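User: I'd like to go through this model with you, one piece at a time. Can we start once it is on screen?

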Amino acid sequence: MAIEVTTRATDDGGRPNLYQSSAGRSFFDEAQNVLAAVDAARQRGDFRGAIRGLNNLGNAYESFGKYDEAIDYHSRSLAIAEEIGNQQAVASSLYKIGAAHVNLEKYDQAVVYYARSLAILEGIGNQQGVASI
């Protein structure tokens, strides 16, 4: 069964892209294209694009019920966000990892990730983010 995703690995700005429709290509084929775009984004210093692409992959895997894979991609995003010091992206990735743990019914793990995300959001003064947790 083909899943509708983009035939292009990047959007018009060269950022990793996943959610535009295409015909006939499977999600898993497209995921490889997005990973190539993530690598290219990192090589040219577009770390925000790499973070976005990895989180998009994590979100997609989570929507297919592949929670361990989702955690893997969100963890890769987290590593880049930490590397560049983007606290908002760190908090977002931590939250997404927590959500995947909830779906795996690993609630103790989820609480750890949610708490870390919450602490960062409070620290940077993101009240909307705090309220969403």
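User: Is Ser63 buried or exposed?
Analyst: This is a predicted model, and in it Ser63 counts as exposed because its relative accessible area is 58%. The residue lies in helix H2, and its C-alpha is 10.0 Å from that of Ala100, although 37 residues separate the two in sequence.

User: What about the rest of H2, how many of its residues are buried?
Analyst: Of the 17 residues of H2, 12 are buried, so the helix is largely enclosed by the rest of the structure. Among them are the glycines Gly49, Gly53 and Gly58, the neighbouring pair Asn55 and Asn56, and also Tyr61 and Glu62.

User: How far does H2 reach from its first C-alpha to its last?
Analyst: H2 reaches 24 Å from end to end, close to the 24 Å expected for its 17 residues at 1.5 Å a residue. Just after the helix comes Gly65, which takes a positive phi of about 80°.

User: And what follows H3?
Analyst: H3 is followed by Gly85, whose phi is also positive, near 75°. As for the helix itself, its 18 residues (67-84) should span 26 Å at 1.5 Å a residue, and the C-alpha atoms at its ends are 26 Å apart, which agrees.

User: Which residues of H3 are buried?
Analyst: The buried residues of H3 are Ala70, Ile71, Tyr73, His74, Ser77, Leu78, Ile80 and Ala81. Several of these come back when we look at H4, where Ser93 is in contact with His74, Ser77 and Leu78, and with Asn55 as well, once its neighbours within four places in sequence are left aside.

User: Ok, stay with Ser93 then. Which side chain does it make a polar contact with?
Analyst: The side chain of Ser93 makes a polar contact with the side chain of Ser77, at 3.0 Å. Ser93 is found in helix H4, which covers residues 87-103, and the residue counts as buried because its relative accessibility is 0%, while the cut-off for buried is under 20%.

User: Changing topic to aromatics: how many aromatic pairs are there?
Analyst: The count comes to 2 aromatic pairs. Tyr61 and Tyr73 form a stacked pair, with 5.3 Å from centre to centre and 15° between the planes. This pair links distant parts of the chain, since Tyr61 sits in H2 and Tyr73 in H3, 12 residues apart.

User: Are those two tyrosines buried or exposed?
Analyst: Both Tyr61 and Tyr73 are buried. In the other pair, Tyr95 and Tyr114, the ring centres are 5.0 Å apart and the planes lie at 40°, so the pair is tilted; a tilted pair falls between the stacked limit of under 30 degrees and the edge-to-face limit of over 60. Here too distant parts of the chain are linked, with Tyr95 in H4 and Tyr114 in helix H5 (residues 107-123), 19 residues apart.

User: And what is the relative accessibility of Tyr95?
Analyst: Tyr95 has a relative accessibility of 32%, so this residue counts as partly exposed.

User: Next, the largest pocket. Which residues line it?
Analyst: The lining of the largest pocket is made up of Arg48, Ile51, Arg52, Asn55, Asn86, Gln88, Ala89 and Ser92, and about 160 Å³ of space lies in that pocket. H2 and H4 each supply at least two of the lining residues.

User: Where does the largest share of that lining come from?
Analyst: The largest share comes from H2, which gives 4 residues. Two of the lining residues, Ile51 and Asn55, are also among the buried residues of H2, and Asn55 is one of the contacts of Ser93.

User: One odd spot: what is phi of Glu105 near?
Analyst: Phi of Glu105 is near 60°, a positive value in a residue other than glycine. Glu105 is placed in the loop between H4 and H5, and it is exposed, with a relative accessible area of 59%.

User: Last one, what does the secondary structure come to overall?
Analyst: The protein has 6 helices and 0 strands, which read along the sequence as α-α-α-α-α-α. Of its 133 residues, 42% count as buried, and among contacts between residues at least 6 apart in sequence, 44% join residues at least 24 apart.

Key
Residues are numbered from 1 along each chain as its sequence is written. This is a predicted model: local features need pLDDT of at least 70, side-chain atom pairs count only at pLDDT 80 or more; totals for chains, interfaces and linings use all residues. Side-chain values use heavy atoms; hydrogens and water are left out. Buried means under 20% relative accessible area, exposed over 50%, partly exposed in between (1.4 Å probe, protein chains only). A polar contact is a pair of N or O atoms within 3.5 Å; within protein, one must be able to donate a hydrogen and the other to accept it, and residues adjacent in sequence count only if both atoms are side-chain atoms. Contact means heavy atoms within 4.5 Å. The expected span of a helix is 1.5 Å times one less than its number of residues. Rings of Phe, Tyr and Trp (its six-membered ring) pair if their centres lie within 6.5 Å; planes under 30 degrees apart count as stacked, over 60 as edge-to-face and the rest as tilted. On a 1 Å grid over the protein atoms alone, a cavity is a set of points where a 1.4 Å probe fits but cannot get out, and a pocket is an open set with protein on both sides within 12 Å along at least five of seven lines; lining residues have an atom within 4 Å of a point. Grid points are joined across faces, edges and corners, and a volume is the space filled by probe spheres set on the points.
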